Structures are given as structure tokens and as C-alpha cells.
Amino acid sequence: MTMSAPQTLRVIDGPATAAALPFGPLIAALRQAFATPVEVPLRHHHYIEQPDGKTACVLLMPGWGGGFIGIKLVTVFPGNSARQLPGLFATYLLCDGNTGEHLALIDGNQITARRTVAVSALAGTYLARPDAKRLLILGAGRIAQLVCEAYRAVRGIEQVRVWNPTPARAQALVAQLRAAGVDAALAGPLEAEIRQADIVSCATLSTQALVQGAWLRPGTHVDLIGAFSPGMRETDDAVFAGATVAVDSMDAVKEAGDLISPIAAGVLATHRIVTLPMLCDGRAPGRTSAGEITVFKAVGTALSDLTSAALVYRAVTAPAPAPLAADALA
């Protein structure tokens, strides 16, 4: 009996990963993945106390299905800002689901960023009004920089306003969007901007509510990407009063301060929350009226990572098109 030699482990860098994840195909792949049961065990957190008093974290996110096994390894070091380094680094290991063979090491930062905003845009197809045109982005970091592109893949966004506690960073994102042909401008006072927005997308690390429920006009969709821990908030409790609320995973009710607080206060009942899989497979209807307030809260799932990694691997390993025969060019 002869055994075939293992494949060479591919290393797929950031630019190649990003190029393999255009938002149209990525959102379509995620829609199918969320409607298809896969195995996604609980993520593993390991905490490491640092000499500066801060706590670093090693995060492992495994998942398997669709012929692949994948594990995302994330290191989160809050003190890195003082070192002029990103606070988070991620790498994705993709394996063959039948043999366990290690196939590729893929840039986890690009997977995380692009799947995060793609999941929000996917939820927006069910929750944002079909005629939504004005997008307000809170934040100006790596995730916020992709929000407009993702939403323009699913909605006819015509105007974008950007808010950030550091105006210079917001202005830099505005310049980036304008260079891409987007009608973008620096946001004015936050209350006034929220009152005019069709979609409010928050990608911050805020620990205090930025979006007030009293500021939301009927029909607004609130997309909560940041604030991934119990001590972080992007909204007040009133945002959830009477709103249609969806999450990427029910883990969010234990991990996200934006949900923990209104649930504890009795403003939001857990049984009212629907999940993205329920939207994708038709068990939940999403938005049912033009005046409805909708909220989507994501904390990230290994399912979206695995789907994205498989998409990257297939794109990178796809055979090149055969050259046309000479007579076909005549």
C-alpha cells in the first residue's frame, strides 16, 4: 500500500486573503453557511497577566464542516498601543476535514475584519430597510474602514457620515471613502446624525453608550460590531425597547454588554432575540414593517471564520484558466 505525500502547507498573506474575499461572494457564502448546520464548539479563552497590569488573552476558535476543519488563533494584548503595535493578531489554520491534513496558514486579521463586516451586511439584508441610503459609521479603525464597502454590496448607500472620538481619524476615513468615489463627510453632532441615519453601524471599543434609543427615528437599523465584552457599550438600554433584535450567535447574550444590561433591566427578553441562522434559513422573518427599529449584535463566530478561510483556500488553489486555442482567437 502506498501513501500519497502530504501537500505543501500554503501560507496565504494579508493581500492575497483580502483579494480572495470580495464582499459579494463572501456574503453569499456566509448566507449559505449560516443556513447549514456545522459544528462550532465553544471558543477557548486563556488569560495572561502582563507586567503593566493589563491582561492579555489567547483565543482559540475551532469549527468544522463542509469538508474542512479550521482553528483561528488570536492574541489580544491591550498594552500594544504604547508599543505602536496593533492590539490583536490572528492566524487561521485550515485543515482537510477528511484526513486532518494541514492545508494552509491564512492571514487571520483579514479574515476577521472582512467576515465581521460581511456578517453585518448579511444581517442588514434581513433587517435594514430596502431603501436605506444614509449610513452613519461610528469608529474609524480597521473594521470601520470596511463597513461602507460591505453595506454597498447589499443596499443602495448614497451618503456616508463618519464619527470618531478622534476627529483626525474620522477625517482620514472620510478621505479614503471619497477617494473611492463615495459621498462621505465628517459627522456633525452625534444626536443629529443618528436622527438622520437609515443605518447606524458602530465599530468602536466604547465603554459608554454612544447611541441613545431616544435619538432613533422609525425604520432605523442599528448594527453593533464593536463592544465585544461585558464591560463595553455602544448603546443604551432604550435602543432595545420594542426593537427587533438579532445576533450572530446566542453567545452574545453572555458576552456583550450591549445585551447584558437591557436583559438584566427587563427591557429585552431573551426569547425575543433571533439568530442569524434563523434569518438565513427562514425560521425568522427579519424586518416586517418600514417603521420598525432593528438591531443586530455580533460577537463573532467560528462558522464565519471557517467559511471565509475555505473561500480563500479555494480561490488560491483554483486551477488557472486554460489558454484559448489559437483558432479561438482568430
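Helices here are DSSP runs of at least four residues and strands are runs of at least two, each numbered from the N terminus. With that in hand, T166 is easy to place: this residue sits in the loop that links β8 (159-163) to α5 (167-179). The model is a predicted one, and T166 makes a handy way into it. T166 counts as partly exposed, with a relative accessibility of 40%. Its C-alpha lies 9.1 Å in space from that of G139, although 27 residues separate T166 and G139 in sequence.

Stepping back to the whole protein, the secondary structure adds up to 10 helices and 14 strands. The radius of gyration is 21 Å, close to the 20 Å that the globule rule gives for 330 residues, so the protein is as compact as a globular protein of that length. Along the principal axes, the C-alpha atoms fill a box of roughly 70 × 60 × 45 Å. Of the 330 residues in the protein, 50% are buried. Contacts reach well along the chain: taking those between residues at least 6 apart in sequence, 67% join residues at least 24 apart.

Now for the surface and the charges. The accessible surface of the protein is about 15200 Å², and carbon and sulfur atoms account for 59% of that area. As for charge, there are 26 positive and 26 negative side chains, and the centres of these two sets lie 4 Å apart.

Next comes a sheet. Eight strands form an open sheet with parallel pairing, and the order runs β9-β8-β7-β10-β11-β14-β12-β13. At the edges are β9 (184-186) and β13 (274-275), each of which pairs on one side only. Strand β12 has a partner in β14 (residues 294-297), and these two pair in the parallel sense over 4 bridges. One residue pair to look for here is V247 with K297, its bridge partner in β14. Strand β12 also runs parallel to β13, and 2 bridges join them. On that side, A246 has V274 of β13 as its bridge partner.

The loop between β11 (221-224) and β12 (244-247) holds E234. Is E234 buried or exposed? The relative accessible area of E234 is 0%, so this residue is buried. Leaving aside residues up to four places away in sequence, E234 touches a list of residues that includes C202, A203, T204, Q208, A209, L210 and V211. Also among the residues that E234 touches are L224, I225, G226, A227 and D258. From C-alpha to C-alpha, E234 and A256 are 10.0 Å apart in space, with their positions 22 residues apart in sequence.

A last stop is Q84, found in the loop between β4 (68-76) and β5 (88-96). What is the phi of Q84? Q84 has a positive phi of about 60°, although this residue is not a glycine. The relative accessible area of Q84 is 70%, which is over the 50% cut-off, so Q84 counts as exposed.

Definitions and conventions:
Residues are numbered from 1 along each chain as its sequence is written. This is a predicted model: local features need pLDDT of at least 70, side-chain atom pairs count only at pLDDT 80 or more; totals for chains, interfaces and linings use all residues. Side-chain values use heavy atoms; hydrogens and water are left out. The radius of gyration is taken over C-alpha atoms; the globule rule is 2.2 Å times the number of residues to the power 0.38. Buried means under 20% relative accessible area, exposed over 50%, partly exposed in between (1.4 Å probe, protein chains only). Contact means heavy atoms within 4.5 Å. Accessible areas come from the Shrake-Rupley method with a 1.4 Å probe; for residues, only the protein chains shown count as cover. Lys and Arg count as positive and Asp and Glu as negative; His and the chain ends are not counted. The place of a charge is taken as NZ of Lys, CZ of Arg, CG of Asp or CD of Glu. Two strands pair if DSSP finds at least two bridges between them.
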